[in-house]
Amino acid sequence: MEKESIKNINRKNQNKKKRAAEDHAEETDFLKCPVYRKCGGCEFRNVTYQEQLEIKESRVRRELEGLARTEKIAGMSYPYFYRNKVNAAFQRRRDGSIVSGVYEAGTHRVVPVGRCLIEDQRADRIIGTIRRLVPSFRISIYNEDSGYGLLRHVMIRVGHKTGQILAVLVVTSPVFPSKNNFVKALRREHPEITSIVLNVNDRNTSMVLGDRNIVLYGKGYIEDILCGKKFRISPSSFYQINSVQTEVLYRKAISLAALTGKEKVLDAYSGIGTIGIAASDSAGEVTCVELNADAVRDARYNARINGVRNIRFCQDDAGRFLERMAAEGEKADVLFMDPPRSGSTEAFINAASSMKPDRIVYISCNPETLARDLRYFRKRGYRAEKAYPVDMFAWSGSIETVVALHRESLSLP
Ligand code: SAH
């Protein structure tokens with residue numbers, strides 16, 4: 001009897017797995033991805049999406065043990081083709097053929113990527129067309145060793161809600177042969193492209209984009225809609241790469257801030273102002289700080305087009321800026337912080353805690369630096385309760401987590 005029920009359970013589990021696999025036929029395609037090993041972009045291949053979510057959740061739980069209680073991870077209902085930004089490096093092989101894709105880890109060899117299961121399909125198709133057009137327009141491909149050649153990378157950005165598409169051609173020189181005809185040919189095949197930009201990067205660097213943008217067609221940026229607000233995104237501004245899950249993440253972050261409409265809010269590492277602008281309706285006033293000047297320019301414009309008046313933007317290092325605010329005796333009620341993978345700094349955390357916000361909402365894309373920073377926050381009197389992982393990077397190993405910290409009430413003597 002007991003044996004039979006175990007058998008039943010096993011069968012049920014197997015059926016469940018089978019159904020899940022049928023639901024996501026693409027899942028099995030991962031097994032067939034021809035560049036899986038060399039590309040290195042996806043960590044998970046031989047597990048189902050469900051299993052992957054469980055692994056990610058337990059990684060966060062392990063990392064944050066003793067610091068915060070990890071809740072269930074928020075997964076995607078369709079975890080494919082979600083990347084709204086696609087970068088492709090271009091390279092000319094010895095036999096003269098042109099390939100585009102990603103660098104093989106630790107090498108300067110480009111692994112050709114045609115159709116990728118996590119990248120926006122429109123972006124991949126446009127990159128394929130550019131690869132095909134390049135020889136007929138006699139556009140030379142940059143060679144890292146000799147330093148000669150024109151085209152280095154192509155970056156495509158897609159507005160998830162608006163459908164706007166920006167193609168950025170990263171080149172070593174602003175002199176691009178038969179520019180107008182190239183733009184015409186590309187637009188003929190892809191009328192969905194709304195803007196084309198030449199980005200000039202003539203330095204010998206691993207950074208994809210250079211500083212100079214020349215608009216060849218359209219506005220030079222895309223717009224997208226997140227949490228009901230419109231955002232302009234310039235080529236070099238940071239924008240979350242998974243738009244569906246970004247809304248899940250921001251809604252969670254804003255609800256954890258428990259805003260009532262009166263609060264003085266700080267949004268640090270604010271990018272193009274997405275979190276600050278999304279939270280502005282339920283805040284008294286918002287101050288954003290961000291290092292990248294282009295992103296700050298986008299953020300100011302974004303506040304204007306959304307009619308947001310209770311917000312200001314400062315271009316500065318977040319740590320330095322908060323230190324200055326703290327030194328001037330300024331206070332904040334709520335702090336949002338969303339630092340890069342390397343996490344925040346002790347200078348930032350010291351200054352943040354001396355401004356005594358009641359709540360800090362920490363958004364992190366790296367559980368290790370999150371754990372380190374939460375430990376430091378604890379020394380400064382801030383405790384986290386719950387951590388909410390959100391799966392922003394399906395199939396890859398990265399994990400996004402949002403955590404709310406509260407100021408511990410000082411025990412009276
Ligand atoms: N909150 C934004 C951006 C998060 S990404 C969003 O959700 O879209 C992290 C941002 O931190 C990037 O825009 C990056 O330019 C910025 N940044 C990196 N180092 C910084 C620093 N020292 N001070 C301020 N901003 C910084």
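Me: What makes Arg320 and Asp316 a salt bridge?

Reply: In this predicted model, the closest N and O atoms of Arg320 and Asp316 are 2.9 Å apart. A salt bridge asks for a side-chain nitrogen of Lys or Arg within 4 Å of a carboxyl oxygen of Asp or Glu, and therefore the pair of Arg320 and Asp316, at 2.9 Å, counts as one.

Me: Why is Asp316 called buried, and why is Arg320 called partly exposed?

Reply: Asp316 has a relative accessibility of 10%, and buried means under 20%, so Asp316 is buried. Arg320 has a relative accessible area of 47%, which is neither under 20% nor over 50%, so Arg320 is partly exposed.

Me: How do you know that Arg132 is paired with Glu189, and which elements does the pair tie together?

Reply: The closest N and O atoms of Arg132 and Glu189 are 3.0 Å apart, and the cut-off is 4 Å, so the two residues form a salt bridge. Arg132 lies in helix α5 (residues 121–136) and Glu189 in helix α6 (residues 179–189), so this pair ties together parts that are 57 residues apart in sequence.

Me: Why does Arg132 count as exposed, and why does Glu189 count as partly exposed?

Reply: The relative accessibility of Arg132 is 51%, and exposed means over 50%, so Arg132 is exposed. For Glu189 the value is 38%, which lies between the limits of 20% and 50%, so Glu189 is partly exposed.

Me: What makes Lys56 and Asp391 a salt bridge, and where do the two residues lie?

Reply: Their closest N and O atoms are 2.9 Å apart, and the limit is 4 Å, so Lys56 and Asp391 form a salt bridge. Lys56 lies in helix α4 (residues 49–63) and Asp391 in the loop between β16 (382–390) and β17 (400–407), so the pair ties together parts that are 335 residues apart in sequence. Lys56 and Asp391 are both buried, and the structure holds 19 salt bridges.

Me: Why does the atom pair between Glu290 and the ligand count as a polar contact?

Reply: A polar side-chain atom of Glu290 lies 2.6 Å from an oxygen atom of the ligand. A polar contact is a pair of N or O atoms within 3.5 Å, so this pair at 2.6 Å counts as one. The protein covers 85% of the 570 Å² of accessible area that the ligand has on its own.

Conventions
Residues are numbered from 1 along each chain as its sequence is written. This is a predicted model: local features need pLDDT of at least 70, side-chain atom pairs count only at pLDDT 80 or more; totals for chains, interfaces and linings use all residues. Side-chain values use heavy atoms; hydrogens and water are left out. Helices (H or I, at least four residues) and strands (E, at least two) are DSSP runs, numbered from the N terminus. Buried means under 20% relative accessible area, exposed over 50%, partly exposed in between (1.4 Å probe, protein chains only). A polar contact is a pair of N or O atoms within 3.5 Å; within protein, one must be able to donate a hydrogen and the other to accept it, and residues adjacent in sequence count only if both atoms are side-chain atoms. Accessible areas come from the Shrake-Rupley method with a 1.4 Å probe; for residues, only the protein chains shown count as cover.
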